Amino acid sequence: MRVLVCLLLMVMPVVAGFRAAAVKVDITPDTPQPLLGYAARQSTGVLDRIWHRIVVMDDGRETFVLVATDLALVSPSVYDEVAGELEKATGIGRRQFWWTCTHTHAAPEVGPPGVAKLFLGERYQHASDAEYAARVKRLLIEGVKEARGKMEPARLTWGKGSSLANMNRRARDVDGTIRLGLNPDGPVDREIGLIRVESLAGKPLALVANYAMHGTAMSGLNTLISGDAPGVVANYVEDKLGAPMLYVNGAAGNITPIYTVYPDARSAHLGEFRVLLGDKILAANAKLPPARAMVSMQIEEEWVEIPRRAGLGWPEDLGAYLKDGKLIRLPVRYWRLGKDAVVWAAPLELFCEIALKVRERSRYRHTWFFGYANGWLGYLPTKAAYAEGGYEPGVAPFSDEGEALLERAVLRRLR
């Protein structure tokens with residue numbers, strides 16, 4: 001009887017059916033492209049190829065699609081377009097489809113700039129490349145279909161590590177002036193959040209690594225297409241792991257790589273991020289607890305309303321994200337894994353203090369924030385940062401009430 005029970009326990013996870021698969025899709029353009037991040041400039045070549053990395057999971061009740069793309073950002077209207085087409089093609093709804101960008105500043109633009117044009121209009125005087133944008137969207141949908149067709153019985157595990165590859169970037173002068181730079185005394189989030197998907201035989205299928213760091217090791221003087229530091233790290237870990245690694249950026253609004261805004265890959269010490277962050281991811285992955293075949297997922301969405309900055313215009317393509325001309329409607333997603341892990345995500349460049357405070361007060365053992373998710377609605381700094389000034393508060397579309405309103409809404413869900 002004991003042998004029979006053991007055999008049944010071995011079979012049950014396969015029948016109950018957590019399944020998953022992952023794919024990589026090359027989105028490197030064949031022609032010169034306008035690059036996003038810094039001043040307007042055109043690409044002159046390719047340093048390293050850029051990708052959609054896609055993982056599809058299903059726990060028997062919910063299907064969940066997570067994408068990490070080597071782009072700086074996309075407007076929510078671009079996300080909405082792809083989400084609508086994906087639902088028509090596969091039946092997967094927008095709540096179940098999360099599209100994040102690594103925030104590399106060495107990748108092409110895709111679609112309209114959204115809120116960025118309100119503050120940085122001089123960067124968007126040129127026409128966007130509609131053909132390349134269409135290719136990126138088409139390849140994403142095809143990639144989801146491919147991964148869905150490859151799904152197999154799988155297991156899931158999660159945990160954390162840490163790395164010193166990042167630093168606060170709000171440098172303070174003696175007169176209190178805040179500028180973009182390096183601030184080793186400023187707040188920073190150095191936790192690596194890890195979620196590993198593996199086959200029932202223990203073969204890695206995908207690794208999701210969540211770490212807060214701007215994709216700005218190279219400056220605007222670089223004109224070669226690249227995943228920047230996040231892309232270098234993902235490629236390195238994939239070579240060691242034998243499976244796609246989705247680099248999902250965190251609350252990086254005020255966090256920079258420790259080598260930042262250098263004119264080229266060599267002077268930016270780009271390869272060193274393989275040691276600074278890549279090896280730390282691999283070490284933490286090796287220490288994750290045994291994976292589970294019986295995994296329950298819960299995916300939710302809510303809209304948080306935050307007053308718009310006084311006197312600010314609004315892009316026509318983002319009408320669904322503005323209420324009564326005054327309130328920005330911010331979509332916040334939640335992905336719960338079992339009873340001890342939760343991810344919350346928003347189309348934001350969030351200041352790390354907000355994510356850290358949510359993590360500290362969450363009832364979940366593991367609480368991670370996915371930034372640049374499902375579009376981009378700009379920076380959301382702390383209230384204190386608005387008073388201090390500096391670049392990020394100067395280009396944020398939200399009023400200084402944003403920190404309190406977002407934090408209250410998220411903690412209400414997580415508690």
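In the predicted model, Asn168 has Ile255 of strand E16 as its bridge partner. The pairing between strand E10, which spans residues 166–172, and E16 is antiparallel and runs over three bridges. These two strands belong to an open sheet of three strands, ordered E11-E10-E16 and paired in the antiparallel sense. E11 and E16 (255–257) form the edges of the sheet, each pairing on one side only. On average, and with direction ignored, neighbouring strands of this sheet are turned by 50° against each other. In general, the strands of a sheet pair through backbone hydrogen bonds, in either a parallel or an antiparallel arrangement.

Asn183 is located in strand E11, which covers residues 178–183. With a relative accessibility of 18%, Asn183 counts as buried, because the limit for that class is under 20%. When neighbours within four places in sequence are left aside, the contacts of Asn183 are Met167, Asn168, Arg169, Arg170 and Ala171. Asn168, the bridge partner of Ile255, is thus among the residues in contact with Asn183.

A total of 31 salt bridges is found in the structure. Side chains of opposite charge can pair when their charged atoms come close. One of these salt bridges joins the side chains of Asp80 and Arg94, with an N to O distance of 2.8 Å. Asp80 is part of helix H2 (residues 76–90), whereas Arg94 sits in the loop between H2 and strand E7 (97–101), so the pair ties together parts that are 14 residues apart in sequence. Both partners are partly exposed: the relative accessible area is 25% for Asp80 and 26% for Arg94.

A salt bridge also links the side chains of Glu142 and Arg138, at 3.4 Å from N to O. Here both residues lie in helix H4 (residues 130–149), and their separation of four residues corresponds to about one turn of the helix. Glu142 has a relative accessible area of 39% and is partly exposed; Arg138, at 44% relative accessibility, also counts as partly exposed.

The side chains of Arg179 and Asp173 form a further salt bridge, with an N to O distance of 3.5 Å. Arg179 is partly exposed at a relative accessible area of 49%, and Asp173 is partly exposed at 38%. Elsewhere, Arg169, Arg170, Arg172, Glu388 and Glu392 are joined into one network by salt bridges that share partners. Of this network, Arg169 and Arg170 are in contact with Asn183.

The nonpolar interior was examined next. In soluble globular proteins, nonpolar side chains tend to be buried together. The largest nonpolar core of the model comprises 81 residues, and Phe97, Trp99 and Leu350 have the most contacts inside it. Helix H4 gives the most to this core, contributing eight residues. H4 is also the helix that holds the salt-bridged residues Glu142 and Arg138. Apart from neighbours within four places in sequence, Leu350 is in contact with Ala251, Ala252, Gly253, Asn254, Trp344, Ala355, Phe369, Leu380 and Leu406. Another core, of 30 residues, lies apart from the largest one and includes Phe64, Trp158, Leu205 and Val208.

Notes: Residues are numbered from 1 along each chain as its sequence is written. This is a predicted model: local features need pLDDT of at least 70, side-chain atom pairs count only at pLDDT 80 or more; totals for chains, interfaces and linings use all residues. Side-chain values use heavy atoms; hydrogens and water are left out. A salt bridge is a side-chain nitrogen of Lys or Arg within 4 Å of a carboxyl oxygen of Asp or Glu. Buried means under 20% relative accessible area, exposed over 50%, partly exposed in between (1.4 Å probe, protein chains only). Contact means heavy atoms within 4.5 Å. Two strands pair if DSSP finds at least two bridges between them. Axes are lines fitted to C-alpha atoms, for helices over the stretch in contact, and angles run from 0 to 180 degrees between N-to-C directions. A nonpolar core is a set of buried Ala, Val, Leu, Ile, Met, Phe, Trp, Tyr and Cys residues joined through side-chain atoms within 4.5 Å.
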